[in-house]
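Here is a short briefing to read alongside the model. Please have the structure open and follow along.

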Amino acid sequence: MKRRLGLLTGMLTAGTVACFAALAQDAPTTPDGMPTYIVKDGQVDKGTYNGYRRFHATCHTCHGFDASGSSFAPSLADSLKRLSYDDFKEVVVNGRQNQGATGDKVMPSFGLDPNIMDHLDDIYRYLKARADGALPGGRPQRIGG
């Protein structure tokens, strides 16, 4: 009985490791733990693709198609060239209000919106790939998808 339990524990551990390895491929990070993207032959990892989908479900209304900006909100493809991941999170979670020449510009808080918060890392991946010039505009294709 003890031997069977040891084998079962070993299998669960190996299965758990394999599961986390698969998740890590879907959600790449930099060595310091920041979300990053994979673009290979014009195709993107699962997380970056999900970020594209989530961005276009909510954020593009103000920030424009492909994060290129609009009269309502700035280009995030430009903003993420200088915003850190932590600064990006701060703005999305808490919102922002700026006084401009044409009046107030308000970024609403999305801190309580699970459609954004549960996928914030992926949205960042997509926007960072756009900001770095690694991903052109348009709908990306998923690696292996």
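Let us start with a charged pair: D78 and K81 form a salt bridge, and their closest N and O atoms lie 3.6 Å apart. Please keep in mind that this is a predicted model. In total, the structure holds 4 salt bridges, and three of them are described below, together with a look at helix 2.

**Salt bridges with partly exposed or exposed partners**

- Side chains of opposite charge can pair when their charged atoms come close.
- In the D78 and K81 pair, D78 has a relative accessibility of 38% and so counts as partly exposed.
- Its partner K81 is exposed, because its relative accessible area of 55% is over the 50% cut-off.
- A salt bridge also joins K89 to D86, with 3.8 Å between the closest N and O atoms.
- K89 and D86 are separated by about one helical turn, because they sit 3 residues apart in helix 4, which covers residues 85–94.
- K89 counts as partly exposed because its relative accessibility is 30%, and D86 falls in that class too, at 47%.

**A salt bridge with buried partners**

- D122 pairs with R125 in a salt bridge whose closest N and O atoms are 2.9 Å apart.
- Helix 6 (residues 120–131) carries both D122 and R125, which are 3 residues apart, or about one turn of the helix.
- Are D122 and R125 buried or exposed? Both residues are buried.

**Helix 2: the ends**

- At the start of helix 2, D45 places a side-chain oxygen within 3.1 Å of the backbone nitrogen of G47.
- After helix 2 comes G64, which has a positive phi, near 85°.

**Helix 2: span and bend**

- Helix 2 runs over residues 46–63 and has 18 residues.
- How far apart are the end C-alpha atoms of helix 2? They are only 22 Å apart, short of the 26 Å that a straight helix would reach at 1.5 Å a residue.
- Where does helix 2 bend? The bend is at A57 and amounts to about 55°.

**Helix 2: buried residues**

- Buried residues of helix 2 include G47, T48, Y49, N50, G51 and Y52.
- Further along helix 2, F55, H56, C59 and H63 are buried as well.
- G47 therefore appears twice in this picture: as a buried residue of helix 2, and as the residue whose backbone nitrogen the D45 side chain reaches.

Methods:
Residues numbered from 1 in each chain as written. Predicted model: local features only at pLDDT ≥ 70, side-chain atom pairs only at ≥ 80, totals over all residues. Heavy atoms only, no water. Helix = DSSP H or I, 4+ residues; strand = E, 2+ residues; numbered from the N terminus. Expected span 1.5 Å × (residues − 1). Bend = angle between axes of the 7 residues up to and from the residue. Buried < 20%, exposed > 50% of the residue type's maximum accessible area, 1.4 Å probe, protein only. Polar contact = N/O pair within 3.5 Å; in protein donor to acceptor, adjacent residues only side chain to side chain. Salt bridge = Lys/Arg side-chain N within 4 Å of Asp/Glu carboxyl O.
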